[in-house]
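Visitor: Hello! I am new to this structure and would love a close look at one part of it. Could you show it to me before I ask?

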Amino acid sequence: MIKFYNPLGKVCMTNDFFAELVSAAVQNCYGVSGMATKNRSDSAKALVLGADFPEKGVRVTEDDGHLVIELHIKVTYGVNIAAIVRSITHKVRYAVEDATGLNVRRIDVCVDDIVG
């Protein structure tokens with residue numbers, strides 16, 4: 001849960017909110033074929049909850065009032081990975097900063113699989 005204060009009081013945003021926001025922004029980018037599981041606990045969740053769940057492949061943490069986002073994605077074979085990563089970082093940064101007003105310090109994009 002990410003907590004911050006504004007002139008009106010304390011605001012708390014859940015990890016599910018960020019996961020859905022970031023996941024929607026990523027999956028609308030050209031060349032992304034899906035989100036990948038980031039660890040074994042995600043793999044177990046995928047078995048229980050089904051192939052797609054909001055926090056699959058997304059981890060958002062807070063560092064001195066700024067957000068750090070880690071993404072694990074699958075890309076389509078034959079596309080320029082550097083261009084896809086640039087597109088994802090720009091789109092995710094804009095979507096998160098526009099929706100929340102919080103600054104994004106860093107976005108780490110890990111390409112875990114290439115789908116043919």
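Visitor: Which residue is the bridge partner of isoleucine 73 in β6? Please take your time over that part and what lies around it.

Guide: Happy to! Isoleucine 73 has valine 111 as its bridge partner in β6. Please keep in mind as you look that this is a predicted model.

Let me set the scene before we zoom in. The chain has three helices and six strands. Followed along the sequence, these elements come in the pattern β-β-α-β-α-β-β-α-β. Of the 116 residues in the chain, 35% are buried.

Now to the part you asked about. Strand β5 covers residues 66-76 and strand β6 covers residues 104-115, and the two pair in the parallel sense over 10 bridges. To get from β5 to β6, the chain passes through helix α3, residues 81-100, and this β-α-β crossover is right-handed. Besides the bridge between isoleucine 73 and valine 111, you can look for lysine 74, whose bridge partner in β6 is aspartate 113.

Lysine 74 also leads us to another neighbour of β5. Glycine 34 stands opposite lysine 74. The strand to look at here is β3, residues 32-35, which pairs with β5 in the antiparallel sense over three bridges.

Strand β4 is a partner of β5 too. Residues 58-63 make up β4, and six bridges join this strand to β5, with the two running antiparallel. One place to find this pairing is threonine 61, which has valine 68 as its bridge partner in β5. Between β4 and β5 there are two residues, and the two strands form a hairpin. In the turn you will meet aspartate 64, which has a positive phi of about 55°.

While we are on β5, have a look at histidine 72, which lies in this strand. Its relative accessible area is 8%, and a residue is buried when that value is under 20%, so histidine 72 counts as buried. The histidine 72 side chain makes a polar contact, at 2.7 Å, with the side chain of glutamate 70.

Before we finish, let us visit a helix as well. Helix α1 is made of 13 residues, 15-27, which at 1.5 Å a residue should span 18 Å; the C-alpha atoms at its ends are 18 Å apart, so the two values agree. The buried residues in α1 are Phe18, Ala19, Val22, Ser23, Ala25 and Val26. Because these residues cover an arc of only 165° around the axis, they sit on the same side of α1.

Phenylalanine 18 is worth one more stop. The structure holds one aromatic pair, and it is formed by phenylalanine 17 and phenylalanine 18. Their arrangement is edge-to-face, with 5.5 Å from centre to centre and 70° between the planes. Phenylalanine 18 has a relative accessible area of 1%, so this residue is buried. Phenylalanine 17 is at 36% relative accessibility and therefore counts as partly exposed.

To return to your question, the residue across from isoleucine 73 in β6 is its bridge partner, valine 111.

Conventions. Residues are numbered from 1 along each chain as its sequence is written. This is a predicted model: local features need pLDDT of at least 70, side-chain atom pairs count only at pLDDT 80 or more; totals for chains, interfaces and linings use all residues. Side-chain values use heavy atoms; hydrogens and water are left out. Rings of Phe, Tyr and Trp (its six-membered ring) pair if their centres lie within 6.5 Å; planes under 30 degrees apart count as stacked, over 60 as edge-to-face and the rest as tilted. Buried means under 20% relative accessible area, exposed over 50%, partly exposed in between (1.4 Å probe, protein chains only). Two strands pair if DSSP finds at least two bridges between them. Helices (H or I, at least four residues) and strands (E, at least two) are DSSP runs, numbered from the N terminus. A crossover is right-handed if, with the strands pointing away from the viewer, the path from the first strand over the helix to the second runs clockwise. A polar contact is a pair of N or O atoms within 3.5 Å; within protein, one must be able to donate a hydrogen and the other to accept it, and residues adjacent in sequence count only if both atoms are side-chain atoms. The expected span of a helix is 1.5 Å times one less than its number of residues. The arc is that of the directions from the helix axis to the C-beta atoms.
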